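Thank you all for coming; I would like to walk through one structure this morning, starting with how its strands are put together and ending with a single residue in a loop. Please have the sequence and the model open while I talk.

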Amino acid sequence: QVQLVESGGGLVQAGGSLRLSCAASGRTFSRSLMGWFRQAPGKEREIVAAIRTSDDSTYYSDSVKGRFTISRDNAKNTVLLQMNSLKPEDTAVYYCAVDVYSPAGSSWSRRDLYDYWGQGTQVTVSS
């Protein structure tokens, strides 16, 4: 059974940094897509970043490009999201998700393609 457990959320001032971690377990993810989504109050859940486990290709939404970095720690089966230069509009619950089988070239941003989700971690950025 696949499990995703996020950690690392919290309260930070605008301009600060946080690092989120997602520990994945239950199977191997050799051809998977690991993604981070976020959902602010009253808004739809949106993609933030994703990384393809087959070749470590990374993808970012325009709103976080240049500020956030997604990476993997293979040995720990963990996906990290380093968030720098945080803004109040980054405030949301952040979710880790995995598309277990994601061939090269397939969509990275479609929410419906992700098979498993974590419980979410709150990120609050104060102005």
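Strands E7 and E8 run antiparallel and are joined by six bridges, and I should say at once that what we are looking at is a predicted model. Within this pair, Ile 70 stands opposite Leu 81 of E8. The two strands form a hairpin with four residues between them, and in that turn Asn 77 has a positive phi of about 50°.

On to the partner of E8 in another pairing, which is strand E3, residues 18-25: E3 and E8, the latter spanning residues 78-83, pair in the antiparallel sense over six bridges. Here Arg 19 has Gln 82 in E8 as its bridge partner.

These pairings belong to an open sheet of four strands, whose order is E1-E3-E8-E7 and whose pairing is antiparallel. At its edges are strand E1, residues 3-7, and strand E7, residues 68-73, each of which pairs on one side only. Neighbouring strands in this sheet are turned against each other by 15° on average, if direction is ignored.

Let me turn to the nonpolar cores. The largest of them has 29 residues, and those with the most contacts inside it are Trp 36, Leu 81, Met 83 and Tyr 94. Several strands, including E3, E7, E8 and E9, together with strand E4 (33-39), strand E5 (46-52) and strand E11 (121-126), each supply at least two residues of this core. Apart from this core lies another, of seven residues, among them Leu 33, Phe 37, Ala 97 and Tyr 114.

Tyr 94 deserves a closer look: leaving out residues up to four places away in sequence, Tyr 94 touches, among others, Trp 36, Leu 81 and Met 83, the residues listed beside Tyr 94 a moment ago as having the most contacts inside the largest core. Its contacts also include Glu 6, Arg 38 and Thr 121.

Finally, the loop residue I promised, Ser 102, sits between strand E9 (92-99) and strand E10 (116-117). Is Ser 102 buried or exposed? Its relative accessible area is 2%, and because buried means under 20%, Ser 102 counts as buried. Its side chain makes a polar contact, at 2.9 Å, with the side chain of Ser 106. Setting aside neighbours within four places in sequence, Ser 102 is in contact with Arg 31, Ser 32, Leu 33, Arg 52 and Ser 107, and one of these, Leu 33, is a residue we met in the core of seven residues.

Definitions and conventions:
Residues numbered from 1 in each chain as written. Predicted model: local features only at pLDDT ≥ 70, side-chain atom pairs only at ≥ 80, totals over all residues. Heavy atoms only, no water. Buried < 20%, exposed > 50% of the residue type's maximum accessible area, 1.4 Å probe, protein only. Polar contact = N/O pair within 3.5 Å; in protein donor to acceptor, adjacent residues only side chain to side chain. Contact = heavy atoms within 4.5 Å. Pairing = 2+ DSSP bridges. Axes fitted to C-alpha atoms, helices over the stretch in contact; angles between N-to-C directions. Core = buried A, V, L, I, M, F, W, Y, C linked by side-chain atoms within 4.5 Å.
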